[in-house]
2 protein chains.
Amino acid sequence: MLNITRKVEYALIALRHMQSKSDNTLTSANEVAKQYGVPRELLAKTLQQMAHHNILEAVQGPTGGYKIVAELDQISLKDFFEKLEGPLGMMDCYFDSDCVQIANCNIRVPIQRINNNMRDMFSQMTLQEVTQ
Amino acid sequence: MLNITRKVEYALIALRHMQSKSDNTLTSANEVAKQYGVPRELLAKTLQQMAHHNILEAVQGPTGGYKIVAELDQISLKDFFEKLEGPLGMMDCYFDSDCVQIANCNIRVPIQRINNNMRDMFSQMTLQEVTQ
DNA sequence: TTATATACGATAAAATTAGTCCTATTTAAT
DNA sequence: ATTAAATAGGACTAATTTTATCGTATATAA
Ligand code: FES
Ligand code: FES
């Protein structure tokens, strides 16, 4: 319960790996996949997603790869999670709200309270703290 | 991401419902299932589980049901979640530790840090705060 | 021209979660 | 005694979500 997804896990592995290298060197999906025993395709998609969100920059062609371009201490863990996995919450009733139970539901407000606590917590942690 | 399970959701609905009633009245699974449009069987199992953990007391036979016997302000949300769903963590590597990647994994420590923050947060919230 | 990389949509497989079914037992009410 | 309504709990099925793979296109260095 309350697990992070593989996608986030692979993203963190890759970021951490990149941070341990010099700033201008590129890291390919292959390199990370091989070194950490992670599925290449899925990792690649995740890297692409991070590039799309301007956390990484992608360079195509052979000798290509990715490098970190964002200031990781400016990105909250909450934002990071949401970039990769969408809205962060313990229940979905508050985002799409097509929940049919919403009329006679007695826990919407209390759960929202937990939610806010959790979002606050992840808002206060930065990506840098995790990958450094 | 980081969603709670239906089981926990149903448990909270039931607890909240019970708290709105006088202390000695019993609440049956049927009553809650009907009122909140929740699957009876699954709810029943959840109530049984809470009874097993001495949060509720069960009374058998017709006119039977459940009532709250624990001090809800003495039960942390962390304990509650773990009673219902088992160990609370963003990755399982830290509990069973049969993870084959553990040798060349570069995010075990950082994730554990996030984990601790999350566990701390849920340790500080009580069930009472949520169901009151 | 070739090889190796990113890009990305589509699909398949696996795992988890959610829900149902069935039978047994308890016990109040008739 | 019998019935009906409740808990108890194992086994199973269905649904959903997550995870992984496949296939094809494009970019580009060698
Ligand atoms: S279950 Fe959707 S609002 Fe409570
Ligand atoms: S993936 Fe299991 S220890 Fe990192």
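Student: What share of the 132 residues of chain A counts as buried, and what makes a residue buried?

Tutor: In this predicted model, 45% of the 132 residues of chain A count as buried, and a residue earns that word when its relative accessible area is under 20%. Met90(A) shows how the reasoning goes, because its relative accessibility of 1% falls under the 20% limit and Met90(A) therefore counts as buried.

Student: Where does Met90(A) lie, and which residues does Met90(A) touch?

Tutor: Met90(A) lies in the loop between helix 4 and helix 5 of chain A. Leaving out residues up to four places away in sequence, Met90(A) touches residues of chain A, including Leu2(A), Ile111(A), Ile114(A) and Met118(A), and residues of chain B, including Leu2(B), Ile4(B), Phe81(B) and Phe122(B). Leu26(A), which is 64 residues from Met90(A) in sequence, is 37 Å from it in space, C-alpha to C-alpha.

Student: Why is Asn104(A) called partly exposed?

Tutor: The relative accessible area of Asn104(A) is 35%, and because buried requires a value under 20% and exposed a value over 50%, Asn104(A) belongs in between and is called partly exposed. Asn104(A) is placed in the loop between helix 4 (77-85) and helix 5 (108-124) of chain A, and, with neighbours within four places in sequence set aside, Asn104(A) is in contact with Gln35(B) and Tyr36(B). Between the C-alpha atoms of Asn104(A) and Asp73(A) there are 42 Å, the two residues being 31 apart along the chain.

Student: How do you know whether Gln124(B) is buried or exposed?

Tutor: Its relative accessible area is 64%, and because exposed means over 50%, Gln124(B) is exposed. Gln124(B) is part of helix 5 (residues 108-124) of chain B, and its C-alpha is 7.6 Å from that of Leu77(B), although the two residues are 47 apart in sequence.

Student: What is noted about the phi of Thr63(A) and of Leu2(B)?

Tutor: Most residues other than glycine have a negative phi. Thr63(A), which is not a glycine, has a positive phi of about 70°, and Leu2(B), not a glycine either, has a positive phi of about 60°. Thr63(A) sits in the loop between strand 1 (56-59) and strand 2 (65-68) of chain A and is exposed, because its relative accessible area of 78% is over 50%. Leu2(B), by contrast, sits in the segment before helix 1 of chain B and is buried, because its relative accessible area of 2% is under 20%.

Student: What elements make up chain A, and in what order do they run?

Tutor: Chain A has 6 helices and 2 strands, and from the N terminus on they follow the order α-α-α-β-β-α-α-α. Its C-alpha trace spans about 60 × 25 × 25 Å along the principal axes, and of the contacts in chain A between residues at least 6 apart in sequence, 62% join residues at least 24 apart.

Student: Why are helix 1 and helix 2 of chain B called roughly perpendicular?

Tutor: Helix 1 (residues 6-19) and helix 2 (residues 29-36) of chain B pack at an angle of about 105°, with their axes 11 Å apart. Because angles of 65 to 115 degrees count as roughly perpendicular, the two helices of chain B receive that description. The contact is formed by Ile13(B), Ala14(B) and His17(B) from helix 1 of chain B, together with Glu31(B), Val32(B), Gln35(B) and Tyr36(B) from helix 2 of chain B, and these residues divide into 4 nonpolar, 2 polar and 1 charged.

Student: What makes the relation between chain A and chain B that of a two-fold axis?

Tutor: A turn of 180° and a shift of 0.1 Å along the axis lay chain A on chain B with an RMSD of 0.1 Å, which means that the relation is that of a two-fold axis. In chain A, the C-alpha nearest the axis belongs to Leu2(A), 2.1 Å from it.

Student: How do you know that the copies meet through the same surface?

Tutor: Of the interface residues of chain A, 97% are also interface residues in chain B, so the copies meet through the same surface.

Student: Which residues touch the most other members of the largest nonpolar core?

Tutor: That core has 85 residues, and Phe80(A), Phe81(A), Phe122(A), Phe80(B), Phe81(B) and Phe122(B) touch the most other members. Not counting residues up to four places away in sequence, Phe81(B) touches Met1(A), Leu2(A) and Met90(A) of chain A, and also residues of chain B, among them Ile4(B), Val8(B), Leu88(B) and Phe122(B).

Terms used: Residues are numbered from 1 along each chain as its sequence is written. Chains are lettered from A and ligands numbered from 1 in the order in which they are written. This is a predicted model: local features need pLDDT of at least 70, side-chain atom pairs count only at pLDDT 80 or more; totals for chains, interfaces and linings use all residues. Side-chain values use heavy atoms; hydrogens and water are left out. Copies are superposed by least squares on the C-alpha atoms of residues with pLDDT of at least 70 in both. Contact means heavy atoms within 4.5 Å. A nonpolar core is a set of buried Ala, Val, Leu, Ile, Met, Phe, Trp, Tyr and Cys residues joined through side-chain atoms within 4.5 Å. Buried means under 20% relative accessible area, exposed over 50%, partly exposed in between (1.4 Å probe, protein chains only). Axes are lines fitted to C-alpha atoms, for helices over the stretch in contact, and angles run from 0 to 180 degrees between N-to-C directions. Helices (H or I, at least four residues) and strands (E, at least two) are DSSP runs, numbered from the N terminus. Angles under 35 degrees count as roughly parallel, over 145 as roughly antiparallel, 65 to 115 as roughly perpendicular and the rest as oblique. Ala, Val, Leu, Ile, Met, Phe, Trp, Tyr, Cys and Pro count as nonpolar, Asp, Glu, Lys and Arg as charged, and the others, Gly among them, as polar.
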